[in-house]
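Please look over the sequence and the structure below. The text that follows goes through a few parts of the fold, one after another.

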Amino acid sequence: MCEAARELERVAEEVRACRRCPLHAHRTNAVPGEGNPCARVMLIGEAPGYNEDLHGRPFVGAAGNLLNEMLKLAGLSREAVFITNVVKCRPPGNREPSEEEKEACKPFLIRQLRAIKPEIVVCLGRHSAGVVFGMAGAKFSSIMSARGTVRLLRVAGLEVKCLPTLHPAAALYNPRLRGLIEADFRLLGQLASGGAGGLERWL
Ligand code: URA
């Protein structure tokens, strides 16, 4: 096992035992994240939902099915990428995670980023983009204005190409948003295959 895989396993163990915020009291399973320890692409969602809490795996419900389709559009498999969330335990009733919960979980995300050293970070939704932009000291106003633009950010001591997009669940509630997510994942496909260099915008 390589060092990245060992560190990810240590993080996962700590996440499963974590009591840093009240969410631990409601969980069936914590959801540390999963995928390739050497992934070039890391996707960061918001928080586990009902199915994720049940199985201890990220994006295995309806939003996960849509995410799988989007990854296919980008020419990527789930095995090639690493998928995690900002918050590793399900907020009760699928409510949005609080600032305190996101803050309590941030050290795990930082360690995952440092272990994997991804070249590309895809932020799924406003909570993810808010946390990642915040870690880089970059301004984030809304997911609608940030989505679809690649930014070079310095997060967790790494320089990453950050691509914010809408959360896949947004397209489940409003199918008209699906086209925007598709466009962003096509751009991800270009980025991952080494193209789209001119689209990067320095802060
Ligand atoms: N939504 C998320 O943000 N993460 C999951 O793991 C599932 C649904």
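In this predicted model, strand β4 and strand β6 (residues 158-165) pair in the parallel sense, with five bridges between them. Within that pairing, Val122 stands opposite Leu163 in β6. Strand β4 also pairs with strand β2 (residues 41-45), again in the parallel sense, over four bridges. Here Met42 stands opposite Val121 in β4.

How much of β4 is buried? The strand covers residues 120-124, and five of its five residues are buried. The side chains fall into two sets: Ile120, Val122 and Leu124 point one way from β4, while Val121 and Cys123 point the other way. Both sets are buried. Two of these residues have already appeared in the pairings: Val122 opposite Leu163, and Val121 opposite Met42.

Next comes a helix. Arg114 is found in helix α4, which spans residues 99-116. Is Arg114 buried, partly exposed or exposed? Its relative accessible area is 48%, and because the partly exposed class runs from 20% to 50%, Arg114 counts as partly exposed.

Which residues does Arg114 touch, once its neighbours within four places in sequence are left aside? Arg114 is in contact with Ala156 and Leu158. Leu158 falls within the residue range of β6, 158-165, the strand that pairs with β4. As for distances in the helix region, the C-alpha atoms of Arg114 and Lys102 are separated by 18 Å, and the two residues are 12 residues apart along the chain.

Note on methods. Residues numbered from 1 in each chain as written. Predicted model: local features only at pLDDT ≥ 70, side-chain atom pairs only at ≥ 80, totals over all residues. Heavy atoms only, no water. Buried < 20%, exposed > 50% of the residue type's maximum accessible area, 1.4 Å probe, protein only. Contact = heavy atoms within 4.5 Å. Pairing = 2+ DSSP bridges.
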